[in-house]
Amino acid sequence: MKTIKTLFFALTLLLPLTTVSGEELAGLGYTRLYTDASGVSHFSEGLIPLDSVVLQEGARPAGIHNLVTDSRATLLMLEPGAFEDWHPSPDAQLLLVIQGISEVGVSDGEVRQFGPGSVLVMEDTGKGHTTRTVGSENHVAILIPLVGERGF
């Protein structure tokens, strides 16, 4: 039930709404997985810009960003002990972790773990990355293909 509630919350954030104030909030932090000109993959940090929207009269503003996607959003589930050897991202995509932990390695040697609430923009096209499920819980994520330069 927790996974369904988390999925519902994540999807409601993706619905188009009208910005009422025009103000921009600080942004939603994400980790970017990309390939440099030499074909080596790396991690970097960024902020998805958010507009300020009042969802209910008298409430504090919420932050929202309408993604530019190709509407092929999917759920990914990797069982405990799963390992995916070197592979690139098929397209630029947003990965939202909703359950479990995955460990991602990039070709520059860095390894990071991503758990529930992690936001990862995947744009690696060279050697790619490795993925391993950590712990005894399934790793579940939402994958949303992006259109254009990171869709934001």
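When I say two strands pair, I mean that DSSP finds at least two bridges between them. Keep that in mind, and here's one such bridge: Gln93 has Met122, in strand 9, as its bridge partner. One caution before going on: what you see above is a predicted model.

Okay, the overall layout. The protein chain has one helix and eleven strands. If you walk along the sequence, the pattern reads α-β-β-β-β-β-β-β-β-β-β-β. There are 152 residues in the protein chain, and 36% of them are buried. Now take the contacts with a separation of 6 or more: 73% of those come from residues 24 or more positions apart.

Let's go back to that first bridge and look at strand 6, residues 93-99. How many residues of strand 6 are buried? Seven of the seven, so strand 6 is largely enclosed by the rest of the structure. And who are its partners? Strand 6 pairs with strand 9 in the antiparallel sense, over four bridges. Besides Gln93 with Met122, you can find Leu95 standing opposite Leu120 in strand 9. Strand 6 also pairs with strand 11, again antiparallel, and here there are six bridges. If you want a spot to click on there, Val97 stands opposite Ala141 in strand 11.

Strand 9 itself, residues 119-123, is mostly covered too, with five of its five residues buried. Check both faces: on one side you have Val119, Val121 and Glu123, on the other Leu120 and Met122, and all of these are buried. Yes, that does include a glutamate, Glu123.

Next, the open sheet. It has four strands in the order 5-10-7-8, with antiparallel pairing. Which strands stand at the edges? Strand 5 and strand 8, the latter being residues 111-114; each has a single partner strand, so one side of each is left without a neighbour in the sheet. On average, neighbouring strands of this sheet are turned by 20 degrees against each other, direction ignored. Take the strand 7 and strand 8 pair: antiparallel, four bridges. Gly105 is a handy landmark, standing opposite Val111 in strand 8.

Gly105 comes up again when we look at Thr130. Thr130 lies in strand 10, and with a relative accessible area of 13% it is buried. For that call, the cut-off for buried is under 20%. Leaving aside neighbours within four places in sequence, Thr130 is in contact with Phe83, Glu84, Asp85, Trp86, His87, Glu103, Val104 and Gly105.

Now for the empty space. Rolling a probe the size of a water molecule over the atoms shows where empty space is left. In this model, the second largest pocket holds about 200 Å³ of space. Its lining consists of 17 residues, and the ones nearest its centre are Leu76, Leu95, Met122, His129 and Thr131. You've already met Leu95, opposite Leu120, and Met122, the partner of Gln93. By class, the lining has nine nonpolar, seven polar and one charged residues. Which strands supply at least two residues each to that lining? Strands 4, 5, 6, 7, 9, 10 and 11 do.

Last stop, strand 1, which runs over residues 24-35 and includes Tyr34. Is Tyr34 buried, partly exposed or exposed? Partly exposed, at a relative accessible area of 22%. Not counting residues up to four places away in sequence, Tyr34 touches Val40, Ser41, His42, Phe43, Ser44, Glu123 and Asp124. So there's Glu123 again, one of the buried residues in strand 9. Tyr34 and His129 sit 95 residues apart along the chain, and their C-alpha atoms are separated by 9.6 Å. His129, remember, is among the residues nearest the centre of the second largest pocket.

Arg32 is in strand 1 as well, and at 23% relative accessibility it counts as partly exposed. Arg32 and Leu94 are 62 residues apart along the chain, with 9.2 Å between their C-alpha atoms.

To wrap up, if you look at two things on the screen, make them these. One is strand 6, with antiparallel pairing to strand 9 and to strand 11. The other is the second largest pocket, lined by 17 residues, Leu95 and Met122 among them.

Notes: Residues are numbered from 1 along each chain as its sequence is written. This is a predicted model: local features need pLDDT of at least 70, side-chain atom pairs count only at pLDDT 80 or more; totals for chains, interfaces and linings use all residues. Side-chain values use heavy atoms; hydrogens and water are left out. Buried means under 20% relative accessible area, exposed over 50%, partly exposed in between (1.4 Å probe, protein chains only). Contact means heavy atoms within 4.5 Å. On a 1 Å grid over the protein atoms alone, a cavity is a set of points where a 1.4 Å probe fits but cannot get out, and a pocket is an open set with protein on both sides within 12 Å along at least five of seven lines; lining residues have an atom within 4 Å of a point. Grid points are joined across faces, edges and corners, and a volume is the space filled by probe spheres set on the points. Ala, Val, Leu, Ile, Met, Phe, Trp, Tyr, Cys and Pro count as nonpolar, Asp, Glu, Lys and Arg as charged, and the others, Gly among them, as polar. Axes are lines fitted to C-alpha atoms, for helices over the stretch in contact, and angles run from 0 to 180 degrees between N-to-C directions.
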